[in-house]
Amino acid sequence: MTTLPRPAASAPRDYRFPRFERRKLSNGVGFIIAPVKKLPVVTVLAIIDAGGTSDPDGKEGLASLTADALREGTARRDGLELALELESLGTSVEAGADWDSTIVGMTVLSEHFGEAFALFGEVLTSPMFLTKDIDRLRSERLAERMQILSEPRGLADESFAKFIYAGGSRYSEPLAGGTESVSSISREDISEFYQRHYGPGATTIVLAGDVDTDEAEELLESTLGFWKGQHHPARKTVDERSRTNRAIALVAKADAAQAELRIGHVGVERKHPDYFGIVVMNAVLGGLFSSRINLNLREAHGYTYGASSHFDWRRNAGPFVISTAVQSEVTADAIRETLTEIDRMRSEEIPVDELTLATDYLDGVFPIRYETTAAIASALANMVIFELPDDYYDTYREKVRAVSSADVLAAACKHVDAEALQVVVVGDVAIIREAIESLGFGPVAPTLAPVVAALVTSGSAEE
Amino acid sequence: MRIPIEKFRLDNGLLVTLSEDRTAPIVAVNLWYHVGSANEKPGRTGFAHLFEHMLFQGSENVGANEHFELIQRAGGTLNGSTWLERTNYFETVPSNQLALALWLEADRMGALLPAMTQKKLDTQRDVVMNERRWSVDNQPYGTWWEKLPTLAFPESHPFHHSLIGSMEDLSEASLTDIEQFFATYYTPDNAVLSIAGDFEPVDARELVIRYFGSIPRGKGKPALPPMDLPPTFGNSPRLVVEDDVSLPRMYLAFRSAAFGSDEYYAASVCGAVLGMRRGSRLYRSLVRERQVAADVSAFTFDLSKGSDLLIVDVTARPETTPDQLEAEVGREIDALFSDGVTSREIQRAIALIQTDMITAMQSASERADRLSMFATYFEQPELVNEQAAKYGSVTVDRVNEFIRSRLGRENRAVLLYIPKANADADAGTNGNLIGAAAP
């Protein structure tokens, strides 16, 4: 039997985030390269300064659909040919819009990189946007929306965003658009969006993997150097909160086997100076398996398979949200326990042991996060998107270790607003309603239509 | 690309594989126990998976959930998973914490039972029931994981029953079951330990012997019932499920060659020809051209004994009826059956599979997991390095042979999900998500 004592750690080996270099192509395309020669693999990302927050009003989902449409064919070949040529090289180009940018990416064996990058360049600089392809993409997106709305998790996430952000805030609508806005997007909208937002000045290419810097620059210059165009960034209010008092919304899902719960409110922007304090605080509250909320809801009570908290980092204030799914009968209990953990987090400094659990984890896990070319490229992309300093990844670990219990308490008090918590429950209203009402959390408004309509309540006097 | 592999066996039967890679100061530890849902007794379905949860509930020198805490405190990631044929536990840690990871795994392999209590079992049973509600019952199409095997394997076959288990069986699980299950299956001679990443092989070997060497061998495990099946179903099993879904979806399963066999590689390439990415047959035809499907995919279950399944998964577009969906997919399979594949299709499929494989091998955790897999199923971790060549040698003829023997009409099990006829007829408007934001 193993009665040997728990071993102590030996001295850690040094680790540095991969070295990278910044360059610029002749037409202004930014270029960041991190040569990593572990396996013959390369990841390339193009980061374009146009995300969901650039969508015009009423056309929510335009950035996302434009990204999709990039792969549907270029001046030289149609979408099918493009897919087949890339796939014969063992790769494919993926494209998608995030809130703050569009990212076009590809991971390929280095022996095929040159050939594949030529196709990648075509996708970026000469998409065709044929009406028949746009029509198909639009229908596919609408089918996807039907799926999301019949799926408790997707429905809960969407309902939560809609509930916490004021109407008209871009963040209140799904990144990929709502049913109505997607239906209204035309080929012309996509073409215009591309003309307005894509272009050399708005684009940074990130390369990580088995490549040589000078050779790569030459290849990029010959593939993208001719690209012309100007972009016109458009930013607007995106993160206004809907209300400052507590409120609960129930979304009816008849016979649901569980209640999907979202608790939180509008969070903070990525560049907030309290970022590291918030990250450590969140790890303790609900970010780790051994977090307070998970140990309480899952391990102490068995209410759920898992419970976690999360700050969604965007250029503007993304959601702070606690997510879980619980057995319907204990929905109110789960909310009550969560509130207890939030109060505890805000009322006293965490013990050193709990602080170091979070900081040691974030510090130690750092090298594990960047094992792959895709992960390294994505870290560099975040540096671009959030305008982080070049030494950000080199100083990350010391900044984590510098967070104190006092910082954690300050972050909880300042950035978790117990009096403004919003709750969204997707579930079987017949089972959960009474208990929710007796919680005393806040008013719960009249009944909802099943499935996709929801009941919304505010702190107004109607109850 | 070849990774270095060392293997050795301890006196107690534990098979150990090592693969050194010094590019980053991290190391992955991965333990496969050769037990999965296939080993469960009737009336005790879901037990292998419930047991996986119990292994995080502490052992002689480790408190409940302390395994998680210690690894995360060390800057590591970890988890476990259960499949039909195996259960695995894995952690990736900074390389100076290798001893900790090994000590934790050894403590629960060697001394789990002293820490077991009824209360822990009760709580984890609740957690697992919630996992079932979350991943199966409350998910559109979530029951496919258990309905398709039910359709594709005979009732007495070890792969027939639910992996996550029924609520009734989970309720019945007792502490005595736990003790028996542990003594039968969680023994060094029924396990493979793999270590990949930054370590000194001599040191790693010494640590493994120190922590695992004294754990006694098991008393042997009961043999599985015969698992071989005829190459085809011989008919077309079919199940239609009315469910709370918005779009029809069809799962089409073919009885296929066991994982690791020569025919398996042809099956896997055939799956990629059919449903891997946008250039695949079904994507081109059903999504792009005919526009009857919103999405397609095809994959194998990778079962190493008896008989595997090749599965095609197609979701309808809103205007496509279930009948149409079934007919269109059937037509494509019939065309493949009569005409076979082209060399360009094979080349595309192999290129994609090989890139994915090499890309995945960047991760120490993946390397360790694959070493454990080949060591567990075939006692040959070296097979990791043979995979690219095995795929590379798949030819048009081999795939066409597979198609002729497996994709005929006598070998198609159909599981069809259709939206509930009267689903929420009183719902009023559709798509009106939170109609009014708060006043």
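Here is a chat about the contacts and empty spaces in a predicted model with chains A and B.

Me: Hi! Let's start with the interface: how many residues of chain A are in contact with chain B?
Reply: Hello! On the chain A side there are 93 residues, and they are in contact with 99 residues of chain B. Keep in mind that the model is predicted.

Me: Thanks. And how much area do the two chains bury between them?
Reply: About 8,200 Å², with 56% of it on carbon and sulfur atoms.

Me: What about polar contacts between chain A and chain B, how many residue pairs?
Reply: The count is 36 residue pairs in polar contact, with both residues at pLDDT 80 or more.

Me: Which helix gives the largest share of the chain A side?
Reply: That's helix H4 of chain A, residues 131-149, which supplies eight residues to the side touching chain B.

Me: And what's the make-up of that side by class?
Reply: The side of chain A that touches chain B has 44 nonpolar residues, 25 polar ones and 24 charged ones.

Me: OK, salt bridges. How many cross the interface?
Reply: Eight are found between chain A and chain B. Over all chains, a search of the whole structure gives 70.

Me: Which residue of chain B does Lys38(A) pair with?
Reply: Asp21(B), and their closest N and O atoms are 3.7 Å apart. This pair runs between two loops: Lys38(A) sits between strand S2 (30-35) and strand S3 (41-48) of chain A, while Asp21(B) sits between strand S2 (15-20) and strand S3 (26-33) of chain B.

Me: What does Arg6(A) meet in a salt bridge?
Reply: The side chain of Glu66(B), at 4.0 Å from N to O.

Me: Switching topic to pockets. What's the volume of the largest one?
Reply: The largest pocket comes to about 550 Å³. It is lined by 26 residues, and those closest to its centre are Ala38(B), Asn39(B), Glu40(B), Lys41(B) and Pro42(B).

Me: Which helix gives most to that lining, and what are the classes?
Reply: Helix H7 of chain B (residues 175-185) has the largest share of the lining, five residues. By class, the lining of the largest pocket splits into ten nonpolar, ten polar and six charged residues.

Me: How many cavities of 30 Å³ or more are there?
Reply: Five. The second largest cavity holds about 80 Å³ of space.

Me: What lines that second largest cavity?
Reply: Its lining residues include Arg71(A), Leu82(A), Glu87(A) and Val123(A), as well as Arg278(B) from the other chain. Helix H2 of chain A (residues 79-88) contributes the largest share, five residues. By class, the lining of the second largest cavity has five nonpolar, two polar and three charged residues.

Me: Great, thanks!

Key: Residues are numbered from 1 along each chain as its sequence is written. Chains are lettered from A and ligands numbered from 1 in the order in which they are written. Side-chain values use heavy atoms; hydrogens and water are left out. Contact means heavy atoms within 4.5 Å. Buried area is the accessible area (1.4 Å probe) that two parts lose on being put together, summed over both. A polar contact is a pair of N or O atoms within 3.5 Å; within protein, one must be able to donate a hydrogen and the other to accept it, and residues adjacent in sequence count only if both atoms are side-chain atoms. Helices (H or I, at least four residues) and strands (E, at least two) are DSSP runs, numbered from the N terminus. Ala, Val, Leu, Ile, Met, Phe, Trp, Tyr, Cys and Pro count as nonpolar, Asp, Glu, Lys and Arg as charged, and the others, Gly among them, as polar. On a 1 Å grid over the protein atoms alone, a cavity is a set of points where a 1.4 Å probe fits but cannot get out, and a pocket is an open set with protein on both sides within 12 Å along at least five of seven lines; lining residues have an atom within 4 Å of a point. Grid points are joined across faces, edges and corners, and a volume is the space filled by probe spheres set on the points.
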